[in-house]
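Okay, everyone, let's get going. I'll put the structure up on the screen now, and then we'll walk through it together.

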Amino acid sequence: MMEEKRACPVLWVVVPCFNEEETLPVTNELFKRELEALVREGKADAASRVLFVDDGSKDGTWSIVQRLAAACPEFEGMALSRNRGHQNALLAGLSEASRFCDVAISIDCDGQDDVTAMEAMLDAYADGCDIVYGVRSSRTADSMFKRSTAQGFYRLMEKMGVETVYNHADYRLLSKRAIDGLLRFEEVNVFLRGMVPLVGFKSTCVYYERHERMAGESHYPFKKMLGLAVDGITSLSIKPIRLIACAGFVISALSFVGVLWAIVTALQGNGVAGWASTVCIVCFMGGIQLVSLGVIGEYVGKTYLETKRRPRFIVDRTTYEETGREGS
């Protein structure tokens, strides 16, 4: 039996912002034009909105959001009480949007993701998909370093047992029930690229070309990408612990062989006192132990944070509460 096409949904576009006073004045028109086009073409309801989530910015980002919301009814804003990081800001925006929308699309503020792909996402939603991943069709525009590190990131996640969509970041569509399912994951250590696939429901991919950043500077250098990978692996996989255990068994077996060799050599009277081999073994074992303790410590720290049950974000204020619009 064929599924009925879903009715024209109320769409909220969730845009996390952190120190985007240079970018937001440029990209807000991009979001507005696309939203108006979707409404005009009957892809989205007239009650659809763009929600800017200010993640504790230190510049004038919130002032810009307030001005945009006051001047244009399609724009809404939400400010977190302090900087909580991109993933938590995005989750906060989705949580708030789910109060008013049928479907939400998350997208970064920098204008690199092709906003016209939203139409294809909504078409997939109309056909019954609850999750639609925006996936880059190629990385030819990236530098060799950026391309190789990004590809290495996805391969590492796969090897470590974390389910992700290759070349997908945080440009995605989620239906209201998919958002509600995502919000049932209560962990403090948030890695949405790995959590969303765990929600389940019918999903598909929409492919698009990524552009150059329209203004400002990237807030995701290599150091942050590396930190994101560590968070993703340690939040969603215990494979590193298993690798440590396997390495421990292998090293123990080699050490046992070495002990037997040392005993046999001593009994034969051929033992030679030497410091080089001793130093090599001590340094090797010391390095292995420190790395192992570091990985285990990362998991212990994550467990410690989870047991505290601290809130993932705290909303300071919203533009619709300030104006009394209540999300229109």
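So, let's start with what sits around the buried residues of helix H4: among the things covering them are strand S1, helix H1 (24–40), and strands S4, S5, S6 and S7. Before I go on, please keep in mind that this is a predicted model.

H4 itself runs over residues 117–126, and it's mostly covered, with seven of its ten residues buried. Which ones are they? Ala117, Met118, Met121, Leu122, Ala124, Tyr125 and Ala126 are the buried residues of H4. After H4 comes glycine 128, and its phi is positive, near 115°.

Now let's zoom out for a moment. The chain has 328 residues, and 44% of them count as buried. Its secondary structure adds up to eleven helices and eight strands. If you take the contacts with a separation of 6 or more, 85% of them come from residues 24 or more positions apart. As for the outside, the accessible surface is about 17200 Å², and 60% of that belongs to carbon and sulfur atoms.

On to the sheet. How many strands does it have, and in what order? It's an open sheet of eight strands, going S7-S5-S6-S4-S1-S2-S3-S8, and the pairing is mixed. Strand S7 (203–208) and strand S8 (315–318) are at the edges with a single partner strand each, so one side of each has no neighbour in the sheet. On average, neighbouring strands here are turned by 25° against each other, if you ignore direction.

For anyone new to sheets, a quick reminder: strands pair through backbone hydrogen bonds, either parallel or antiparallel.

Let's look at S2, which covers residues 49–54. With S1, S2 pairs in the parallel sense over six bridges, and one example is cysteine 17, whose bridge partner in S2 is aspartate 54. S2 also runs parallel to strand S3 (residues 75–80), with five bridges joining the two. There, phenylalanine 52 has glycine 77 as its bridge partner in S3.

Is S2 enclosed or open? Six of its six residues are buried, so S2 is largely enclosed by the rest of the structure. You can see it on both sides: Arg49, Leu51 and Val53 point one way, Val50, Phe52 and Asp54 point the other way, and all are buried.

In strand S1 you'll find leucine 11. Leucine 11 is buried, at a relative accessible area of 0%. Its contacts, leaving out residues up to four places away in sequence, include Leu35, Leu38, Arg49 and Leu122. Val103 is on that contact list too, and here's a nice one: leucine 11 and valine 103 are 92 residues apart in sequence, yet their C-alpha atoms are 5.1 Å apart in space.

Okay, helices that pack on the sheet. Helix H2 (residues 61–71) touches strand S1 (11–17), S2, S3 and S8, and its direction makes about 150° with that of S3. Which residues of H2 are buried? Those are Thr61, Trp62, Ile64, Val65, Leu68 and Ala69. Looking down the axis of H2, the buried residues fall within an arc of 155°, so they line one face of the helix. The face turned away from that buried side carries the exposed residues Arg67, Ala70 and Ala71. There's a handy rule to go with this: an α-helix has 3.6 residues a turn, so residues three or four places apart point the same way.

Let's stay with threonine 61, which lies in H2. Threonine 61 has 0% relative accessibility, so it counts as buried. What does its side chain reach? A polar atom of that side chain lies 2.8 Å from the backbone nitrogen of glutamate 20, and the side chain also makes a polar contact with the side chain of aspartate 59, at 2.7 Å. Leaving aside neighbours within four places in sequence, threonine 61 also contacts Cys17, Asn19 and Asp54, among others.

Another helix to find is H6 (residues 176–183), which lies across strand S4 (103–106), strand S5 (131–136) and strand S6 (168–175), running at about 115° to S6.

Last stop: tyrosine 166, in the loop between helix H5 (144–159) and S6. Tyrosine 166 is partly exposed, with a relative accessible area of 41%. Its C-alpha is 8.7 Å from that of arginine 136, and the two are 30 residues apart along the chain.

Definitions and conventions
Residues are numbered from 1 along each chain as its sequence is written. This is a predicted model: local features need pLDDT of at least 70, side-chain atom pairs count only at pLDDT 80 or more; totals for chains, interfaces and linings use all residues. Side-chain values use heavy atoms; hydrogens and water are left out. Two strands pair if DSSP finds at least two bridges between them. Helices (H or I, at least four residues) and strands (E, at least two) are DSSP runs, numbered from the N terminus. Axes are lines fitted to C-alpha atoms, for helices over the stretch in contact, and angles run from 0 to 180 degrees between N-to-C directions. Contact means heavy atoms within 4.5 Å. Buried means under 20% relative accessible area, exposed over 50%, partly exposed in between (1.4 Å probe, protein chains only). The arc is that of the directions from the helix axis to the C-beta atoms. A polar contact is a pair of N or O atoms within 3.5 Å; within protein, one must be able to donate a hydrogen and the other to accept it, and residues adjacent in sequence count only if both atoms are side-chain atoms. Accessible areas come from the Shrake-Rupley method with a 1.4 Å probe; for residues, only the protein chains shown count as cover.
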